[in-house]
Amino acid sequence: MEINLHEILLKFDINSGISNYGNGHINSTYCTDMPKYILQRINTNVFKDPYKLMENIDNVTKFIRKKIEAAGGDPDRETLTVMKTKTGEDLYKFDEDNYFRVYKFIGDTKTVEDDKTYEDLFNAGVGFGRFQKMLDDFPAEILHETIVDFHHTPKRVEALKKAIEEDIAGRAASVKEDIDFALECAAFADTVTNKIETGEIPVRVTHNDTKINNILFDAVTGEAVAVIDLDTVMPGSALYDFGDTLRMGASTAAEDEADLSKVNFDLKAFEMFAKGFLQETKDILTPAEIDLLPFSAKLLTYECGIRFLTDYLNGDTYFRIHRPDHNIDRARNQFKLVRDMAENEDKMKAVVNEIIGC
Ligand code: ADP
Ligand code: GN1
Ligand code: MG
């Protein structure tokens, strides 16, 4: 069904032209012409309860706003502001499958995609690190789990095994080598979840989707202004947020680069991100967390790789694709990085030790 976005905007009392915006894989994002707002259609295949999702975002942004105000910052610029509909709601429900929300547009900012520089990585580390620190005393019990077991890597392995067995799209035979690699690596999949279960690693409120394009940077200074895309803020581990940026941030190529000779792990990029992140978080992270930072890069890259592979086997139902082999290209790309990261784990450890001064 064709949805008239202009009509949707009017529900929020906004009268403007509108066009597609951003490069996310999940929601559909649009930007109005004048005045500027971000309109998003929530992907209900991924987020089953949009109202609970918005309740999380309300609670998290209210909490962050207070911290920003206390630090003398501008909360309208440094976090998301949800715009209400004319009837005072956070969401406009068009029908069962189509829910829309509007955010204030945070202007004079830029998004960094594959054109990232080392400075961007440092700034992203500061941005995500500061976000983690701001949520350090957030009451986790009020948060809904918007995607259950989102970063539970062993359960992601189980989902992959199910996809291989069912082979709905008839693709398993053609990607045997990728499947073999994914299953070999499953040996390290439970490292973080096990330590969370034993209490060796604390559960924190984390962002859980720390792609570099989920930060808005100041258009002039390049410094991190706001952490956005808050749909997955849930109890998790700081290791998820640290590792997840690096699976793209420390790659010499885009996440979907199919020419694997171009896809290499960049130790300097790791160092710059780690410097920024630890500048903000070294006093709140425990030694056990700091010890696993290098491993988390490999873990989160592996996890995302198997999610892409699973989606490929399931017939591309989760991540938005722009070409038939998109998900398998993404999976192979991530697996190439996993190999590189495994080879560089000692070097990453040395970098972290140097940063924290031991
Ligand atoms: P997705 O869940 O699809 O990744 P995001 O919430 O990350 O969607 O939004 C996609 C892109 O839209 C971002 O990368 C950013 O460029 C832009 N964007 C999102 N929210 C805002 C905002 N409030 N102000 C300015 N730009 C935004
Ligand atoms: C999705 O929404 P977006 O594009 O920022 C995904 C992440 C993946 C990422 C891979 C809710 O992020 O978990 O790491 O794609 N988000 C969700 O690029 O599944
Ligand atoms: Mg995003």
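User: Between which two helices does the loop that holds aspartate 167 lie?
Analyst: The structure discussed here is a predicted model. In this model, aspartate 167 belongs to a loop rather than to a helix or strand. The two elements that flank this loop are helix 5 (153-166) and helix 6 (176-185).

User: Is aspartate 167 buried or exposed, or does it lie in between?
Analyst: The class follows from the relative accessibility, which is 25% for aspartate 167. Buried requires a value under 20% and exposed a value over 50%. Because 25% falls between these limits, aspartate 167 counts as partly exposed.

User: What is the phi of aspartate 167?
Analyst: Aspartate 167 is not a glycine, yet its phi is positive. The value is about 45°.

User: Which other residue, this one in the loop between strand 8 (204-206) and strand 9 (215-218), has a phi near 75°?
Analyst: The residue is an asparagine, so it is not a glycine, although its phi is positive. Its relative accessibility of 3% is under the 20% limit, and therefore it counts as buried. Its place is in the loop named in the question, and the residue is asparagine 208.

User: Which residue does a cis peptide bond join to methionine 34?
Analyst: The omega of this cis bond is about -10°. The partner of methionine 34 is found in the loop between strand 2 (28-32) and strand 3 (37-42). That partner is proline 35.

User: Which residues are the protein donors of the magnesium ion (ligand 3)?
Analyst: The donor atoms are an OD1 and an OD, lying 2.2 Å from the ion. They link distant parts of the chain: one residue sits in the loop between strand 8 and strand 9, the other in the loop between strand 10 (224-227) and strand 11 (234-236), 15 residues apart. The donors are Asn214 and Asp229.

User: Which class of accessibility applies to asparagine 214, and which to aspartate 229?
Analyst: Asparagine 214 has a relative accessibility of 5%, which is under 20%, so it counts as buried. Aspartate 229 has 26%, which lies between the 20% and 50% limits. The classes are therefore buried for asparagine 214 and, for aspartate 229, partly exposed.

User: Which residues lie closest to the centre of the largest pocket?
Analyst: This pocket has a volume of about 790 Å³, and 42 residues line it. Both magnesium donors, Asn214 and Asp229, are found among the residues closest to its centre. The full group is Gly24, Asn213, Asn214, Ile228 and Asp229.

User: Which element supplies the largest share of the lining of the largest pocket?
Analyst: By class, this lining has 16 nonpolar, 14 polar and twelve charged residues. Several elements each supply at least two of them, including strand 3, strand 6 (98-104) and helix 8 (238-249). The largest share, four residues, comes from helix 10.

User: Which helix gives the most to the lining of the second largest pocket?
Analyst: The second largest pocket has a volume of about 600 Å³. Among the 21 lining residues, those closest to its centre are Arg156, Ala159, Thr310, Asn314 and Tyr318. Helix 5 and helix 10 each supply at least two residues. The most, six residues, comes from helix 5.

User: What is the volume of the largest cavity?
Analyst: The structure holds one cavity of 30 Å³ or more. Its lining has four nonpolar, no polar and four charged residues, and among them are Glu113, Lys116, Ile212 and Met248. Its volume is about 30 Å³.

User: Which three residues touch the most other members of the largest nonpolar core?
Analyst: This core has 96 residues, and its largest share, 14 residues, comes from helix 10 (residues 287-313). One of the three, phenylalanine 270, is in contact with Phe242, Leu246, Ala250, Phe265, Pro294, Met348, Val351 and Val352, leaving aside its neighbours within four places in sequence. The three are Phe270, Tyr302 and Leu309.

User: What distance separates the C-alpha atoms of aspartate 259 and isoleucine 212?
Analyst: Aspartate 259 is placed in the loop between helix 8 and helix 9 (267-281), whereas Ile212 helps to line the largest cavity. The two residues are 47 residues apart along the chain. Their C-alpha atoms are separated by 22 Å.

Note on methods
Residues numbered from 1 in each chain as written. Chains lettered and ligands numbered in written order. Predicted model: local features only at pLDDT ≥ 70, side-chain atom pairs only at ≥ 80, totals over all residues. Heavy atoms only, no water. Core = buried A, V, L, I, M, F, W, Y, C linked by side-chain atoms within 4.5 Å. Buried < 20%, exposed > 50% of the residue type's maximum accessible area, 1.4 Å probe, protein only. Contact = heavy atoms within 4.5 Å. Donors = N, O, S within 2.8 Å, 3.2 Å for Na, K, Ca; no water. 1 Å grid on protein atoms, 1.4 Å probe; cavity = no way out; pocket = protein on both sides within 12 Å on 5 of 7 lines; lining within 4 Å. Points joined across faces, edges and corners; volume = space filled by probe spheres on them. Nonpolar A, V, L, I, M, F, W, Y, C, P; charged D, E, K, R; others polar.
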